[in-house]
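Dear colleague,

Please find the structure we discussed below, together with its sequence. My notes on the findings follow it.

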Amino acid sequence: MRLVLFDNTDVGWGARRRNGAPRGAPRRREVAARAEPAITDAADLSALGEAVGTTIGLTPIWRAGALLHRMTGAADAWEEASSWAEALGWAARTARERGRKIRSLQVWGHGGWGYMRIGKTRLDEAALLPGSPLDGAIAALKGELAGPDALVWLRCCSAFGHTGQAFARALADRLGCRVAGHTYIIAFYQSGAHSLRPGEAPGWDPREGVRFSGGAPAGALWSSRTAPNTVSCLTADLPPGY
């Protein structure tokens, strides 16, 4: 089974709060999740790659993309979530209820070096440790994956870039399957798409997708058509060799 998940909290409120404009009225089912939308410091956004969508809000775009995936057969089901616990719980529950293992799980949202965020919650190395708040949800998801050949693809900015290589290894080992992520800031073009399996070392340069200033890492680079391992936001499957 192929599933798609996305963050439903990116509605662009950050920009409206900063400039003093009034908030729009969210749908009733989203009020609780969006009452306090996650807002990251502007310096962190620039450095870690969460710049995309902080003003316009990407949730409506991700929703349209999920519908497109479903209509074209690239996804058997999709859902929006306001936290990692909600997201992982839905994926595991859907697999159990349908009696089908998960071959592919794509998660769309924001991230940075070594983590991906849904709402105010983060999936990072700490969250993968036994006893973490997400421990049970991660274990439940792992039990519904289709073995080591299943793919969990984090389609967010730069989670596998720079120091994020350690997160990539930890994620593959914890889930017991192939995982994929990006080293660049992603938008229409999504560069630096790489994957690895449990026990494997990252095969990409830790400097890939990194912007340097004075010889020190200063942030993530934007994706481009000519950057390494580039797909587009319309790509449904990770290309062979990535």
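Please bear in mind throughout that this is a predicted model. I begin with the charged side-chain pairs and then turn to the largest pocket.

Salt bridges

The structure contains 7 salt bridges. Side chains of opposite charge can pair when their charged atoms come close. Three of the pairs are described here.

In one of them, Asp-76 is paired with Arg-100, with 3.6 Å between the closest N and O atoms. Asp-76 sits in the loop between helix 4 (59-71) and strand 2 (77-81), and Arg-100 in the loop between helix 5 (84-98) and strand 3 (104-108), so this contact ties together parts that are 24 residues apart in sequence. Asp-76 counts as partly exposed because its relative accessibility is 21%, and Arg-100 is also classed as partly exposed, at 38%.

Lys-101 and Glu-144 form another salt bridge, with an N to O distance of 3.6 Å. Because Lys-101 belongs to the loop between helix 5 and strand 3 while Glu-144 belongs to helix 6 (residues 135-144), the pair ties together parts that are 43 residues apart in sequence. The two partners fall into separate accessibility classes: Lys-101 is partly exposed at 41% relative accessibility, whereas Glu-144 is buried at 13%.

Helix 6 also takes part in a further pair, through Asp-135, which is linked to Arg-174 of helix 7 (residues 164-175) across 39 residues. The closest N and O atoms of Arg-174 and Asp-135 are 2.4 Å apart. Arg-174 has a relative accessible area of 17% and is therefore buried, the limit for that class being under 20%. Asp-135, with a relative accessible area of 22%, is partly exposed.

The largest pocket

Rolling a probe the size of a water molecule over the atoms shows where empty space is left. The largest pocket encloses about 440 Å³ of space. Its lining is made up of 21 residues, and those nearest the centre are Ile-61, Trp-62, Ala-187, Gln-190 and Cys-233.

Which helix gives the most to this lining? Helix 4 does, with 5 residues. As to the character of the lining of the largest pocket, 14 of its residues are nonpolar, 6 are polar and 1 is charged.

When you view the model, you may wish to display the three pairs described above and then the residues at the centre of the pocket, namely Ile-61, Trp-62, Ala-187, Gln-190 and Cys-233.

With kind regards

Technical notes
Residues are numbered from 1 along each chain as its sequence is written. This is a predicted model: local features need pLDDT of at least 70, side-chain atom pairs count only at pLDDT 80 or more; totals for chains, interfaces and linings use all residues. Side-chain values use heavy atoms; hydrogens and water are left out. A salt bridge is a side-chain nitrogen of Lys or Arg within 4 Å of a carboxyl oxygen of Asp or Glu. Helices (H or I, at least four residues) and strands (E, at least two) are DSSP runs, numbered from the N terminus. Buried means under 20% relative accessible area, exposed over 50%, partly exposed in between (1.4 Å probe, protein chains only). On a 1 Å grid over the protein atoms alone, a cavity is a set of points where a 1.4 Å probe fits but cannot get out, and a pocket is an open set with protein on both sides within 12 Å along at least five of seven lines; lining residues have an atom within 4 Å of a point. Grid points are joined across faces, edges and corners, and a volume is the space filled by probe spheres set on the points. Ala, Val, Leu, Ile, Met, Phe, Trp, Tyr, Cys and Pro count as nonpolar, Asp, Glu, Lys and Arg as charged, and the others, Gly among them, as polar.
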